[in-house]
Amino acid sequence: MKIRNAKKRDKKIISNLYYQLHPVEEKENREKGLLIPIEKSKIKPIFLVVEENKRVVGFVWAHLIQYGFFKYGTIDEFFIKKEFRGKGAGSNLLKKAIEKLEKLNPKIILVCTQKENKEAIKLYQRVGFELGKLGKRNLWLYWNPKKKPSK
Ligand SMILES: CC(C)(COP(=O)(O)OP(=O)(O)OC[C@H]1O[C@@H](n2cnc3c(N)ncnc32)[C@H](O)[C@@H]1OP(=O)(O)O)[C@@H](O)C(=O)NCCC(=O)NCCS
């Protein structure tokens, strides 16, 4: 057995394997005879801050991850300084990050939080995230761009 980096010439066989791995989701691309663009992989950061009286009091750090034909967004870090919470800063910041991600056409936006973090979970649900997988310590939530929340 030998492990090596994939090369462009592997594209056809990788595409075959990939379509076996995702037969339903990738049906359309397979039927069109498309090869998986293995060279297409990138991460675009979205970094926003919120200011109060010209002082930064919070930030959100999100990413658009693209590989092959698939694109998804992640909300990775999200924080508002304690004394500025409960006034809508977090919601507005999160909504702006989603708006920016949405322009990049992700299939889904994911966020993971500790399951005890009721405040954050409630906020995520309020802006349109739905409850996803519950782990031992964490809870995944997802936001489906096709199911726009009512504002
Ligand atoms: C999660 C977090 C970013 C939310 O920030 P925030 O600025 O307090 O968020 P908001 O003010 O938009 O919303 C919080 C609550 O205040 C309420 N609120 C919104 N606008 C308000 C206003 N003008 N006046 C009073 N309350 C308001 C919201 O209704 C919300 O309550 P609800 O969830 O019961 O509906 C912040 O609590 C935080 O930094 N927590 C620690 C880090 C963290 O947990 N990050 C997420 C990890 S994944």
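Two strands pair if DSSP finds at least two bridges between them. Helices (H or I, at least four residues) and strands (E, at least two) are themselves DSSP runs, numbered from the N terminus. With that in your pocket, let's work through some exercises.

The model is predicted, so local features need pLDDT of at least 70 and side-chain atom pairs count only at pLDDT 80 or more, while totals for chains, interfaces and linings use all residues. Residues are numbered from 1 along each chain as its sequence is written.

**Exercise 1. Find the domains and say how far apart their centres lie.**

Step 1: Split the chain. The domain assignment (bounds come from an automatic or database assignment) gives domain 1, residues 1–37, and domain 2, residues 41–143.

Step 2: Take the C-alpha centres. Those of domain 1 and domain 2 are 31 Å apart.

**Exercise 2. Work out the strand order of the sheet and name its edge strands.**

Step 1: Write down the order. The open sheet has 6 strands, arranged β1-β2-β3-β4-β6-β5, and its pairing is mixed.

Step 2: Look for strands that pair on one side only. These edge strands are β1 (41–52) and β5 (130–134).

Step 3: Add the twist. From one strand to the next it averages 25 degrees; angles here run from 0 to 180 degrees between N-to-C directions, with axes as lines fitted to C-alpha atoms, for helices over the stretch in contact.

A bit of background: strands of a sheet pair through backbone hydrogen bonds, either parallel or antiparallel.

**Exercise 3. Walk through the pairs that start at β1 and find the turns.**

Step 1: Start with β1 and β2. They run antiparallel and are joined by 12 bridges. Lys44 sits opposite Leu64 in β2.

Step 2: Check the link. β1 and β2 make a hairpin with 2 residues between them, and Asn53 in that turn has a positive phi of about 45 degrees.

Step 3: Move on to β2 and β3. This pair is antiparallel too, over 10 bridges, and Ile65 faces Tyr72 in β3. Again there's a hairpin with 2 residues between the strands; Gly68 in the turn has a positive phi of about 55 degrees.

**Exercise 4. Do the same for the partners of β6.**

Step 1: Take β4 (residues 108–114) and β6 (residues 138–143). They pair in the antiparallel sense over 6 bridges. Cys112 has Trp140 in β6 as its bridge partner.

Step 2: See what packs on the sheet. Helix α3 (residues 89–102) does, touching β1, β2 (55–67), β3 (70–80), β4 and β6, and its direction makes about 30 degrees with that of β2. Contact means that the C-beta atoms of two residues, placed from the backbone, lie within 7 Å.

Step 3: Turn to β5 and β6. They're antiparallel over 3 bridges, and a hairpin of 3 residues joins them. Glu130 pairs with Tyr142 in β6.

Step 4: Check the cover on β5. Among its 5 residues, the count of buried ones is 0, so this strand is hardly covered. (Buried means 20 or more other C-beta atoms within 10 Å of a residue's own, exposed means 12 or fewer, and partly exposed is in between; C-beta atoms are placed from the backbone.)

**Exercise 5. Place Asp76 and explain its exposure class.**

Step 1: Locate Asp76. It belongs to strand β3.

Step 2: Count neighbours. Asp76 is partly exposed because it has 14 C-beta neighbours inside 10 Å.

Step 3: List contacts. Leaving aside neighbours within four places in sequence, Asp76 touches Trp61, Ala62 and His63.

**Exercise 6. Examine the positive phi values of Lys54 and Asn105.**

Step 1: Recall the usual case. Most residues other than glycine have a negative phi.

Step 2: Look at Lys54. Its phi is near 65 degrees, and its place is the loop between β1 and β2. Lys54 is exposed because it has 5 other C-beta atoms within 10 Å.

Step 3: Look at Asn105. Here phi is near 60 degrees, in the loop between α3 and β4. With 11 other C-beta atoms within 10 Å, Asn105 is exposed.

**Exercise 7. Describe the shell around the ligand.**

Step 1: Pick out the nearest. Of the 17 residues around the ligand (C-beta atom, placed from the backbone, within 6 Å of it), Arg85, Gly88, Gly90, Ser91 and Thr113 come nearest.

Step 2: Find the contributors. β3, α3 and α4 (118–127) each give two or more residues, and α4 has the largest share, 5 residues.

Step 3: Sort by type. The shell divides into 6 nonpolar, 6 polar and 5 charged residues. (Ala, Val, Leu, Ile, Met, Phe, Trp, Tyr, Cys and Pro count as nonpolar, Asp, Glu, Lys and Arg as charged, and the others, Gly among them, as polar.)
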